[in-house]
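Okay, thanks for coming, everyone. I'll put the structure up and then talk you through what I see in it.

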Amino acid sequence: SPFVLSWAKKDTGGGDHGGTTYYTLRYESNGGTKYKDERYRRNTLVELDKEPVREGYTFTGWKIGNEKAANFPMPSHDVTITGEFVKTDFNVTYKVDGAEYATDTYKVDADVAIRDIPTKEGYTFSGWTSEDAAFNSSGFKMPARNVTIKGTFTQNKHEYTINKHFYNEKGVEVKVVNGEPQTAVENTVTT
């Protein structure tokens, strides 16, 4: 006969039904990069080389159940691996007059308490400011980035009035006009 009839049987799960059986590897990234499910035959080496990214967190590895996962041969069942993350540390750097004054470290979403204003004798502090949108002078939640907070000192101004008084050898005040002493009148008697 000139015709050949062939077909392939698709199997969607475990067990041996005469065809190749594939099992599903599911990625649960816990808010990180999403990955599509992958299909493997039993005993095929599964390499866990994906590293999901999650803003404000550091990926620490994959788990199967409660156990750390490494490359493994695919078993005869579906497997779900779960990404583990830890919150990343970020810095709040304080600068006064352009120089680093202090740095505090916080985890993402932590409550940031603003430092007390510094003092410097003879100067007034401007207060803390920042160009970062998260900043609030009464405190803020730590974003997934470093934050710089700035302040400046301004020298206090004092106005003084200096009055000069000159006296001659007899203790009589001498008036000075344009740098020239005027003749002092002593014991002037008026009648």
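Before anything else, one bit of bookkeeping: I call two strands paired when DSSP finds at least two bridges between them. With that in hand, look at β1 and β7, which pair in the parallel sense over four bridges. One spot to click on there is E28, whose bridge partner in β7 is T82.

Right, and this is a predicted model, so keep that in mind throughout. Mean pLDDT for the protein chain is 85, with 86% of the residues at 70 or more. The part I'd skip over is residues 1–12, where pLDDT stays under 50 and the model has six contacts beyond four places in sequence.

Big picture, then. The chain has 18 strands and zero helices. Of its 191 residues, 27% are buried. The accessible surface is about 14300 Å², and carbon and sulfur atoms account for 47% of that. If you take contacts between residues at least 6 apart in sequence, 47% of them join residues at least 24 apart.

Back to the sheet. In what order do the five strands of the open sheet come? Reading across, you get β2-β1-β7-β4-β5, with mixed pairing. β2 (38–41) and β5 (67–68) are at the edges with a single partner strand each, so each has one side with no neighbour in the sheet.

The other neighbour of interest is β2: β1 and β2 pair antiparallel, over four bridges. There, T24 has R39 as its bridge partner in β2. Then β4, residues 57–64, runs antiparallel to β7, residues 79–87, and six bridges join them. Y57 is one residue to check, since its bridge partner in β7 is K87.

While we're around β1, have a look at T21, in the segment just before that strand. T21 is buried, at 11% relative accessible area. Its C-alpha is 7.4 Å from that of R42, although the two are 21 residues apart along the chain. And N43, in the loop between β2 and β3, has a positive phi near 70° without being a glycine. I flag that because most residues other than glycine have a negative phi.

There are a couple more of those. β8 (89–96) and β9 (99–107) run antiparallel and are joined by eight bridges. Two residues sit between the strands of that hairpin, and D97 there takes a positive phi near 50°. D109, in the loop between β9 and β10, also has a positive phi, about 70°, and is not a glycine. D109 is partly exposed, at 43% relative accessibility.

Now the cores. Which members of the largest nonpolar core touch the most other members? Out of 17 residues, they are V92, I114, W128, F140, M142 and I149. β8, β9 and β13 (147–151) are the elements that give two or more residues to this core, and β8 has the largest share, with four. V92 is worth selecting in your viewer: leaving out residues up to four places away in sequence, its contacts include A102, Y106, V112, F140, M142 and I149. There's also a second, separate core of 14 residues, with Y23, Y40, A69 and M74 among them.

Last topic, charges. The count of salt bridges comes to seven. D89 and K107 form one, with the closest N and O atoms 2.7 Å apart. D89 is in β8 and K107 in β9, 18 residues apart, and D89 also stands opposite K107 in the strand pairing. Both are partly exposed, D89 at 43% and K107 at 39%.

D111 and K141 form another, at 2.8 Å between the closest N and O atoms. D111 is in β10 and K141 in β12, so this pair ties together parts that are 30 residues apart in sequence. Is D111 buried or exposed? Exposed, at 55% relative accessibility, while K141 counts as partly exposed at 49%.

Then there's D37 with R26, at 3.7 Å, N to O. Since the salt-bridge cut-off is 4 Å, keep that distance in mind when you look at the pair. D37 is in the loop between β1 and β2, and R26 is in β1. D37 is partly exposed at 45%, as is R26 at 34%. That pair isn't on its own, either: R26, D37 and D78 are linked in a network of salt bridges.

That's my tour, so over to you for questions.

Definitions and conventions: Residues are numbered from 1 along each chain as its sequence is written. This is a predicted model: local features need pLDDT of at least 70, side-chain atom pairs count only at pLDDT 80 or more; totals for chains, interfaces and linings use all residues. Side-chain values use heavy atoms; hydrogens and water are left out. Buried means under 20% relative accessible area, exposed over 50%, partly exposed in between (1.4 Å probe, protein chains only). Contact means heavy atoms within 4.5 Å. Accessible areas come from the Shrake-Rupley method with a 1.4 Å probe; for residues, only the protein chains shown count as cover. A nonpolar core is a set of buried Ala, Val, Leu, Ile, Met, Phe, Trp, Tyr and Cys residues joined through side-chain atoms within 4.5 Å. pLDDT is the predictor's confidence in each residue, from 0 to 100. A salt bridge is a side-chain nitrogen of Lys or Arg within 4 Å of a carboxyl oxygen of Asp or Glu.
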